[in-house]
Amino acid sequence: MSTDYYQEPKDRESLKMRTPKKGDLFHSHPEYKVDRDDKACIRCLCCVRQCPYETTFYDPKRNQVYDVHANCVNCKRCEVLCPTQAIEIKKWGCGFRKNHHWGNRDYSSVYKQADTGAVVLVGLGNDNRYTSYFDKMVLDASQVTNPSIDPLREPMELRTYIGRKMENLEDMDKEGFQEHPNIKTELPVIFAPMSFGAISLNFQKGLAAAAQEMGTFFNTGEGGLHEDLMPYKDNAIVQVASGRFGVSKRYLMNSGACEIKIGQGAKPGIGGHLPGEKVTAEISKTRMIPEGSDAISPAPQHDIYSIEDLRLLIYAIKEATEYTRPVSVKIAAVHNVAAIASGIVRAGADIVVLDGFRGGTGAAPKQIRDHVGIPVEVALAQVDERLRREGIRHLASIISTGGIRSSTDVVKAIALGADAVYIGTAAMLSVGCTLCQQCHRGKCAWGITTNRADLRARLPFEVAKERATNLLTGWGREIKEMLGLMGLNSIESLRGNRFKLRGVGLSKVELETLGIWQAGV
């Protein structure tokens with residue numbers, strides 16, 4: 001539970017029961033319990049120093065460590081670092097009386113809002129029990145007539161070119177032919193947009209260095225490009241969002257590609273907000289806003305109210321970059337997304353990014369994150385099919401994001417029609433994230449989503465780079481294995497090849513929407 005709602009007691013007397021008064025927090029029932037083995041505890045105070053949520057404190061007079069259970073967010077920092085393994089984080093109590101309509105998360109939200117009158121914020125992506133279509137699809141495998149390929153003995157091509165392609169090869173011989181700019185990635189996995197301010201500079205720099213080493217790209221998000229990232233600018237995708245933070249011609253030119261952010265899967269249709277207390281001097285300089293002021297991204301881009309308006313911004317960026325950078329447009333996966341994507345491609349976008357409702361975020365209203373948008377698998381299949389049917393699929397690449405958990409999800413997304421994928425939450429997990437969903441508070445115990453000097457030092461840039469690089473290396477090897485078992489020797493042969501997918505436990509309508517066949521057929 002957040003310290004926004006539960007206050008640390010000043011002394012032991014305040015822990016005693018008393019008569020509630022106006023303004024008190026009712027039902028301050030903790031979500032987690034810090035179960036401490038007092039006999040095993042050696043009073044090293046590691047847990048006290050490591051917890052940024054003020055869950056644990058030490059009484060030197062009694063030589064006793066106490067826990068404010070209501071402040072615990074289950075970040076696991078104390079549990080992992082305790083030298084004697086004296087700490088275990090557990091769920092608190094037995095919960096409320098079982099009710100099939102009202103769950104614990106519903107109780108919690110109502111109590112918090114009754115206490116504060118505020119919008120309940122959370123981080124990361126939708127964690128409700130909606131169907132994961134990635135888990136309902138299985139891959140084909142070659143057997144006798146179409147033998148598999150051994151990636152250890154035969155070349156396997158993962159290189160992907162992302163951007164607008166020419167109509168046909170004969171165009172190259174025509175007078176005045178100009179090749180469209182593309183970005184080249186050595187594997188079809190790119191680090192998702194995560195802005196400086198929402199994440200620490202060490203983490204962002206680690207992703208940038210890993211992208212450079214692996215021959216892929218990272219996305220700056222809407223927070224501008226920090227000077228420390230200039231050595232990695234050729235591997236950067238810079239974002240132009242509604243707040244226009246840090247946007248200038250220099251910013252656009254210091255990139256491999258430019259991206260216009262229209263929507264985000266975790267919060268379609270609403271803007272962003274970085275609280276003023278998180279806008280440090282460094283963030284202020286990078287975003288080009290006053291230090292300590294709130295960084296607010298409006299819900300719409302106020303110069304875009306139609307496809308024609310979007311076209312003007314796309315070509316303004318192309319003009320600013322002298323037609324040397326592909327321009328991407330990122331939208332949330334929503335109803336009728338195929339028609340929207342078609343309009344975006346016709347407006348001149350070189351890349352369309354589809355962000356599903358399981359996509360992560362630094363902060364979003366809980367009700368919007370959990371109940372708005374659609375799964376990226378469905379959106380991806382529909383967009384790819386629509387663009388092919390209209391004969392314009394070659395005019396833009398598709399990047400899929402929003403809930404990509406593994407190399408298998410990458411392969412399935414590409415088979416559904418993606419050229420590449422963005423990964424955000426998986427990248428955070430690779431450097432220690434425990435999905436405690438407290439990103440918006442700026443107190444990340446692992447130094448990932450914070451810019452407090454004492455906390456961000458917990459994630460050295462070198463460690464972030466090494467672990468992100470290892471993740472991409474492992475995924476690349478697995479993707480090659482999966483291509484080989486399907487009898488394919490290049491990622492290009494898999495793109496949109498839905499014959500390599502089969503559905504399990506899906507209805508006829510779902511199979512038709514995804515464009516795949518039932519397993520066994």
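**Questions about a predicted model**

Colleague: Is Val 431 buried or exposed, and what is its relative accessible area?
Modeller: Buried means under 20% relative accessible area, exposed over 50%, and partly exposed lies in between (1.4 Å probe, protein chains only). Val 431 is buried, because its relative accessible area is 7%.

Colleague: Which pLDDT do local features need here?
Modeller: Residues are numbered from 1 along each chain as its sequence is written, and side-chain values use heavy atoms, without hydrogens and water. The model is predicted, so totals for chains, interfaces and linings use all residues, side-chain atom pairs count only at pLDDT 80 or more, and local features need pLDDT of at least 70.

Colleague: Where does Val 431 sit?
Modeller: Helices (H or I, at least four residues) and strands (E, at least two) are DSSP runs, numbered from the N terminus. Val 431 lies in the loop between helix 12 (425-430) and helix 13 (453-456).

Colleague: Which residues does Val 431 touch, leaving out those up to four places away in sequence?
Modeller: Contact means heavy atoms within 4.5 Å. With that rule, Val 431 touches Phe 203, Ile 448, Leu 459, Ala 464 and Arg 467.

Colleague: Which residues touch the most other members of the largest nonpolar core, and which helix gives this core its largest share?
Modeller: A nonpolar core is a set of buried Ala, Val, Leu, Ile, Met, Phe, Trp, Tyr and Cys residues joined through side-chain atoms within 4.5 Å. The largest one has 104 residues, and Phe 191, Phe 203 and Ile 423 touch the most other members. Its largest share is 9 residues, from helix 14 (residues 461-485).

Colleague: How many residues are in the second, separate core?
Modeller: Ile 183, Phe 217, Val 353 and Ile 399 are among its members. The size of this second core is 12 residues.

Colleague: Why is strand 15 largely enclosed, and how do its side chains point?
Modeller: Strand 15 (residues 327-332) is largely enclosed by the rest of the structure because 6 of its 6 residues are buried. In a regular strand the side chains alternate between the two faces of the sheet. Here Val 327, Val 329 and Ile 331 point one way. The other way point Ser 328, Lys 330 and Ala 332.

Colleague: How many bridges join strand 15 to strand 12, and how many join strand 15 to strand 16?
Modeller: Two strands pair if DSSP finds at least two bridges between them. Strand 12 (residues 257-261) runs parallel to strand 15, and their bridges number 4. Strand 16 (residues 351-355) also runs parallel to strand 15, and here the bridges number 5.

Colleague: Which residue of strand 16 stands opposite Lys 330, and through which helix does the chain cross from strand 15 to strand 16?
Modeller: Lys 330 stands opposite Val 353. This β-α-β crossover is right-handed (with the strands pointing away from the viewer, the path from the first strand over the helix to the second runs clockwise). The chain crosses through helix 8 (residues 337-346).

Colleague: Which residue forms a salt bridge with Lys 318?
Modeller: A salt bridge is a side-chain nitrogen of Lys or Arg within 4 Å of a carboxyl oxygen of Asp or Glu. By this rule there are 35. For Lys 318 the closest N and O atoms are 3.4 Å apart, and the partner is Asp 350.

Colleague: Which residues join Arg 495 in one salt-bridge network?
Modeller: Arg 495 is partly exposed, at 24% relative accessible area. Shared salt-bridge partners join Arg 495 with Asp 384, Arg 388, Arg 393, Asp 419, Glu 492 and Arg 498.
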